[in-house]
Amino acid sequence: MTQDLFRQDAYLTECTATVTAITPQGIVLDRTVFYPLGGGQAGDTGVLVLADGSTIAITDTRKGKAEDGSFTKEICHQPLPDLLEQLLTQEQGATPPLRVGDTVTARIDWARRHRMMRFHTASHLLCHILPKLVNGCSITPVYARIDFNMTEALDKEALSAAIAELVAAAHPVSVGTILDAELDANPALVKSMSVQPPRGSGQIRTIRIGTATALAAPIDQVSAEVDKPAVLIDLQPCGGTHVANTAEIGAVIVTKIEKKSAMTRRVVLGFAP
């Protein structure tokens, strides 16, 4: 099992960790700050810093898979294929660059991750602006795309302006949890048509944008902390990484709108030039 430190603190850029396995799927650590591909968000890249100061470049991060194809609780850090092959087929008598039990520093490419955090939070704002079901998304360091189940025409400038307004409002973004029963009582919290949040632990991780603290908090409820109406912008199950405040998103605009099918409108986000 890999402890996923990024779930509670997306701003951690590195951690010390112990190598627990080296498999054809990658290098497994006992804990990590590397986010694995999932939920539409790309996997992290970065380096593993070894005891002698040398580094192993990590080109992708994936969830471990069992023989039946189901996901395990391991996170696999993928080096270049040639290096992984070398680690797997170490010659007798040779000193391997990395072994099970070694201590390393896992360090992500922070600039790349932060761009994805900004895009991911912006995509949640878009879910607030367009309250339609989502049937696909992709969060990358270069762009974000969200496919909405809808037939109505969309306007790039209007959507960009709506995003900019929510960004400028500096709404806080926080990680929380809800019980399975709470999600069952509020099925509209799930925005995706095809992917359901993982169950089994009794609690489901959520991302909340806004100051309201309860699922059913009215928008005119007075917040004791800021003495102004508590507003819930968005609340949904999500395992991805996000910025702490919408102001941190910066200038994100809608760069393209596509009609992908009779029932699908694709919205592509990019950073303003």
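How buried or exposed is Glu-14? With a relative accessibility of 37%, Glu-14 falls into the partly exposed class, since that class sits between the 20% and 50% cut-offs. Keep in mind that this is a predicted model.

**Confidence first**

Mean pLDDT for the chain comes out at 91, and 92% of the residues reach at least 70. The stretch to watch is residues 216-226, where pLDDT stays under 50. For that stretch the model has 12 contacts beyond four places in sequence. Where pLDDT is low, the predicted coordinates should not be read in detail.

**Salt bridges**

There are eight salt bridges in the structure. Here are three of them, with the N to O distance for each.

| Acidic residue | Basic residue | Closest N to O distance |
|---|---|---|
| Glu-14 | Arg-107 | 2.8 Å |
| Asp-44 | Arg-113 | 2.7 Å |
| Asp-147 | Arg-145 | 3.2 Å |

Back to Glu-14: its side chain meets that of Arg-107 in a salt bridge. Glu-14 belongs to strand S2 (residues 14-23) and Arg-107 to strand S9 (residues 103-108), so this pair links parts of the chain 93 residues apart in sequence. Arg-107 is also partly exposed, at 35% relative accessibility.

The Asp-44 and Arg-113 pair forms a salt bridge too. Asp-44 sits in the loop between strand S4 (31-32) and strand S5 (46-49), while Arg-113 is part of helix H2 (residues 110-129), so the two tie together parts that are 69 residues apart in sequence. What about burial? Asp-44 is buried, at 1% relative accessible area, and Arg-113 is buried as well, at 0%.

Then there's Asp-147, which pairs with Arg-145. Asp-147 counts as buried because its relative accessible area is 6%, under the 20% cut-off. Shared partners join Arg-145, Asp-147 and Arg-266 into one salt-bridge network.

**Around Asp-60**

Which residues does Asp-60 touch, leaving aside its neighbours within four places in sequence? They are Gly-43, Asp-44, Thr-45, Cys-76, His-77 and Gln-78. So Asp-44, the salt-bridge partner of Arg-113, turns up here again as a contact of Asp-60.

Asp-60 itself is found in strand S7 (residues 60-65). Its relative accessible area is 15%, so Asp-60 is classed as buried. The side chain of Asp-60 also makes a polar contact, at 2.8 Å, with the side chain of Arg-62.

Note on methods. Residues numbered from 1 in each chain as written. Predicted model: local features only at pLDDT ≥ 70, side-chain atom pairs only at ≥ 80, totals over all residues. Heavy atoms only, no water. pLDDT = per-residue confidence, 0-100. Contact = heavy atoms within 4.5 Å. Salt bridge = Lys/Arg side-chain N within 4 Å of Asp/Glu carboxyl O. Helix = DSSP H or I, 4+ residues; strand = E, 2+ residues; numbered from the N terminus. Buried < 20%, exposed > 50% of the residue type's maximum accessible area, 1.4 Å probe, protein only. Polar contact = N/O pair within 3.5 Å; in protein donor to acceptor, adjacent residues only side chain to side chain.
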